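I opened this notebook to record what I looked up in the model, beginning with the strands and then turning to the ligands.

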Amino acid sequence: MPVKVVVGTQWGDEGKGKYIDILAKDSDYIVRFSGGNNAGHTIVLKDKKYALHLLPSGIFHEGKICLIGNGTVIDPKVLINEIKNINSEGYKTDNLFISDRAHVIMPYHILMDELQEKFRGDNCIGTTKRGIGPAYVDKADRYGIRICDLIEEDVFVEKVKLNLQFKNEILTKVFNVSPLSLDEIISEYLSYAKYLKGFVRDTSEIVFKALKNNKNVLFEGAQAMFLDMDFGTYPYVTSSNPIGGNVCIGGGIGPIYVDQVFGVLKAYTSRVGEGPFPTEQNNSTGDMIRDLGSEYGTTTGRPRRCGWLDLVMIKFASRVNGLTALAINHIDTLGKLGKIKLCIAYELDGKRIEEFPASLKKLSKCKPIYEDFDGWETDKTKVKTYEDLDENAKKYLRRIEEIVGIKVKLVGIGKDREDTISVY
Ligand code: GDP
Ligand code: IMO
Ligand code: MG
């Protein structure tokens, strides 16, 4: 079956957007299936940088159908701005459709996200403050407002009224802040509804028909394995399931269709927000990785925490996502460090372990066991194929394949679409 899935294997920002843009060339449909505008996917086309938050990263290829699936949460204001921006750059959105079952991020979600983070104080998650968590909570709590509700004025007004009654009680009595205005929200959101109405479809049906017609469908993961609600470093995670299995729920297809799952990783590790990070280098090495790799958040601009590549994590991600190939980025960045470490296992209470613990208490006691590698240079004018890579870089890649048990298919040696080597 012609379904490919691209997922992040670390804590996000592995360079998924770049690979989706590349793989979109040979796909007919590109589908976002989870998360919202907490995602920031960078695509660099001939030195021009684009950051997408909700639009699928296939949008730069004319004629491809781009879908935002039911598993996502949509801030209509952000989506409309993104559509307008991309149109002003000369890219069309005629083939963009959004699911009638996706949930809408409302102003009270964004406000609650901020207030809850403040309330948590030292235990804050470090969210993107885009209202993602509260929107998914409302979905599970059956207070959510879906895109199909947004575009039916009477339904929308009734739902917002009920919601706001409840939210304003919490805002004023628990958080001691001013209530939100019903009229303002309704007039703002009805103008968004008017703009978005023409984009709304049953995207699951579109995908089903595409599959029946043997079209190539590419699912675009946002966030990543270790931000997954079930498998990530809970509670320092996002409020959805970014793993491969969620294409079935978030995209609305049966589990029989998926045949390729690409796991994207960086040649090192980065993380934005709070939570444990066993191979973190909170020192001059981490600073160097951040500087060399320009590691600042695409969505919030926050400096990313940086450290060595952790294969205990990648192996776990491979198992849970059912990875069939690895796509690795920033081989250029890592090579510049000269002396490199690769984590192949942990030591916990004097014993070697190879599985990623669920308990954060145990995880905090894990000491990475490293292997050492020498650096390399990647001159982009000379490195065009896998064979052209420096022997030290190949040695590093081979060791990753050996430990994870999966082949590296794509290697990134720069930001641009062109800076990618196909290994086989
Ligand atoms: P995503 O969220 O997984 O799509 O990743 P982001 O776009 O948030 O972060 C990846 C960052 O790494 C972006 O700034 C990319 O332009 C950059 N990038 C991706 N691949 C490479 C690579 O192979 N080398 C270098 N130097 N930068 C890369
Ligand atoms: P992409 O798709 C990196 C992180 C936040 C925070 C945690 C919870 O670009 O890889 P949330 O706002 O989702 O409630 O925040 O998740 N986070 C990301 N980190 N890349 C992302 O997306 C992220 N999306 C959420 O920093 O730690
Ligand atoms: Mg990102």
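Before listing any strand pairs I fixed the criterion: two strands pair if DSSP finds at least two bridges between them. I also keep in mind that this is a predicted model.

**Entry 1, the sheet.** I looked up the strand order first, and found an open sheet of 10 strands that runs β9-β7-β5-β2-β10-β1-β11-β15-β19-β20, with mixed pairing. Its edge strands are β9 (200-201) and β20 (420-422), each of which pairs on one side only.

**Entry 2, pairs within the sheet.** I then went through some of the pairs one by one. Strand β1, residues 3-8, runs parallel to strand β11, residues 258-266, and 6 bridges join the two; within this pair I noted that G8 stands opposite V264 of β11. On following β11 further, I found that it also pairs in the parallel sense with strand β15, residues 325-329, over 5 bridges, and that K266 has N329 in β15 as its bridge partner. Elsewhere in the order, β2 and strand β10, residues 217-220, form a parallel pair with 4 bridges, where R32 is matched with E220 of β10. As a reminder to myself, strands of a sheet pair through backbone hydrogen bonds, either parallel or antiparallel.

**Entry 3, the magnesium ion.** Which protein donors does the magnesium ion (ligand 3) have? I found D13, through OD, and G40, through its O atom, at 2.0 to 2.2 Å from the ion. The two donors come from distant parts of the chain, 27 residues apart: D13 sits in the loop between β1 and α1 (16-24), whereas G40 sits in the loop between β2 (29-32) and β3 (41-45). I also checked how accessible each donor is, taking under 20% relative accessible area as buried and over 50% as exposed. D13 counts as partly exposed because its relative accessibility is 22%, while G40 counts as buried because its value is 11%.

**Entry 4, ligand 1.** Around ligand 1 I found 19 residues, of which G15, K16, G17, T42 and D332 come nearest. I next listed polar contacts, including one from a backbone N or O atom of G17, which lies 2.8 Å from an oxygen atom of the ligand. A polar side-chain atom of K18 lies 3.2 Å from a nitrogen atom of ligand 1, and a polar side-chain atom of T42 lies 2.5 Å from an oxygen atom of ligand 1. How much of ligand 1 does the protein bury? Taken alone, ligand 1 exposes 590 Å², and the protein buries 96% of that.

Methods: Residues numbered from 1 in each chain as written. Chains lettered and ligands numbered in written order. Predicted model: local features only at pLDDT ≥ 70, side-chain atom pairs only at ≥ 80, totals over all residues. Heavy atoms only, no water. Donors = N, O, S within 2.8 Å, 3.2 Å for Na, K, Ca; no water. Buried < 20%, exposed > 50% of the residue type's maximum accessible area, 1.4 Å probe, protein only. Near = heavy atom within 4 Å. Polar contact = N/O pair within 3.5 Å; in protein donor to acceptor, adjacent residues only side chain to side chain. Areas by Shrake-Rupley, 256 points an atom, 1.4 Å probe, with all protein chains shown as cover.
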